[in-house]
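Here is a friendly walk through one model, from a single backbone angle out to the core and the ligand. Keep the viewer open as you read.

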Amino acid sequence: MERNKVLRLRGLRRYVAVTVIVFVVGLLISALATQVVAAQSPEEGEGVFGQTCAACHTIGGGVLVGPDLQGVTERREESWLMVQIQSPSVHQEQNDPISVSNREEFGLSMPDLGLTEEQVESVIAYLRTGEAAPRTIPGAFIPTLAAGLLTVVALTLFGLRLGRKRVEVRS
Ligand code: HEC
């Protein structure tokens with residue numbers, strides 16, 4: 001009877017410890033996921049670039065079919081880029097002077113690619129990051145990661161302490 005009670009208490013403690021750990025880790029993961037979504041734009045743009053632009057453009061790799069896009073966000077206005085990437089035919093119809101000289105230089109016109117406004121903005125965000133973005137953990141995530149690690153370590157130590165107490169109860 002007495003022993004049963006002790007066993008149940010032990011089970012309860014372990015249950016509480018595991019629940020707390022799972023809950024906190026879950027919270028941390030969802031917090032991280034939110035940050036990833038918020039900071040995702042250039043990442044999405046990298047994907048769009050790879051699928052839609054890389055056949056004709058490089059970033060810092062020289063001229064392909066069209067111009068090298070390194071530094072393009074500095075040499076062109078954002079509004080101009082929006083139009084050029086979303087529907088270059090608009091520039092062609094307007095006889096936009098930059099478009100005219102680009103088409104002379106490269107001997108053909110960039111086609112309309114049917115991207116959404118959001119995709120265009122992501123691509124511009126990606127172009128703005130400069131050369132092919134290195135795949136490291138962005139600085140903004142580091143505090144969250146550090147806090148997460150600390151919490152996990154603290155909870156593990158806490159759990160181990162509970163475990164030791166359990167052994168004492170048994171003797
Ligand atoms: C089929 C080839 C082709 C594809 C695909 C293509 N482009 Fe182009 N792009 C060109 C050519 C050719 C030019 C120059 C002539 C012109 O402006 O029409 C150009 C011009 C540009 C310019 C102007 C650069 C400057 O220095 O003035 C930008 C910006 C640009 N492209 C971005 C993009 C982006 C972003 C994508 C993908 C979403 C893309 N292009 C897809 C061929 C392409």
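Let us begin at the end of a helix: helix 7 is followed by Gly130, a residue with a positive phi, near 85 degrees. Bear in mind that this is a predicted model. A positive phi also turns up at Asn95, at about 50 degrees, although Asn95 is not a glycine. You will find Asn95 in the loop between helix 5 and helix 6. Is Asn95 buried or exposed? Asn95 is exposed, because its count of other C-beta atoms within 10 Å is 8, and a residue with 12 or fewer counts as exposed.

**The overall fold**

The protein has 8 helices and 0 strands, so by the DSSP runs its order from the N terminus reads α-α-α-α-α-α-α-α. Of its 171 residues, 12% are buried. Among contacts with a separation of 6 or more, 73% join residues 24 or more positions apart.

**Two helices with a buried side**

Helix 7 spans residues 117–128. With 12 residues, helix 7 reaches 16 Å from its first C-alpha to its last, close to the 16 Å expected at 1.5 Å a residue. Its buried residues are Gln119, Val120, Ser122, Val123, Tyr126 and Leu127. Why do these residues share a side of helix 7? They cover an arc of only 160 degrees around the axis, which puts them on the same side of the helix. The face turned away from that buried side carries the exposed residues Glu117 and Glu118.

Helix 4, residues 78–86, buries Leu81, Gln84 and Ile85. Seen down the axis of helix 4, these buried residues fall within an arc of 90 degrees, so they line one face of the helix. The table sets the two helices side by side.

| Helix | Arc of buried residues | Buried residues pack against |
|---|---|---|
| Helix 4 | 90 degrees | helix 3, helix 5 and helix 7 |
| Helix 7 | 160 degrees | helix 2, helix 3 and helix 4 |

**The nonpolar core**

In soluble globular proteins, nonpolar side chains tend to be buried together. Here the largest nonpolar core has 11 residues: Val48, Phe49, Cys53, Ile59, Leu69, Leu81, Ile85, Val120, Val123, Tyr126 and Leu127. Helix 2 (41–53), helix 4 and helix 7 are the elements that give two or more residues to this core. Which of the elements supplies the largest share of this core? That is helix 7, with 4 residues.

One core member to click on is Leu69. Leaving aside its neighbours within four places in sequence, Leu69 is in contact with His57, Ile59 and Leu127. Both Ile59 and Leu127 are members of the core as well.

**Around the ligand**

How many residues surround the ligand? There are 27, and the closest are Cys53, Cys56, Gly66, Asn102 and Met110. The elements giving two or more residues to this shell are helix 2, helix 4 and helix 6 (97–106). Helix 6 gives the most, with 5 residues. By residue class, the shell divides into 18 nonpolar, 7 polar and 2 charged.

One residue links the last two topics: Cys53 belongs to the largest nonpolar core, and Cys53 is also listed among the residues closest to the ligand. Helix 2 and helix 4 likewise appear twice, giving two or more residues to the core and two or more to the shell around the ligand.

Terms used. Residues are numbered from 1 along each chain as its sequence is written. This is a predicted model: local features need pLDDT of at least 70, side-chain atom pairs count only at pLDDT 80 or more; totals for chains, interfaces and linings use all residues. A residue is buried if 20 or more other C-beta atoms lie within 10 Å of its own, exposed if 12 or fewer, and partly exposed in between; C-beta atoms are placed from the backbone. The arc is that of the directions from the helix axis to the C-beta atoms. Two residues are in contact if their C-beta atoms, placed from the backbone, lie within 7 Å. A nonpolar core is a set of buried Ala, Val, Leu, Ile, Met, Phe, Trp, Tyr and Cys residues joined through C-beta atoms within 7 Å. The expected span of a helix is 1.5 Å times one less than its number of residues. A residue is near a molecule or strand if its C-beta atom, placed from the backbone, lies within 6 Å of it. Ala, Val, Leu, Ile, Met, Phe, Trp, Tyr, Cys and Pro count as nonpolar, Asp, Glu, Lys and Arg as charged, and the others, Gly among them, as polar.
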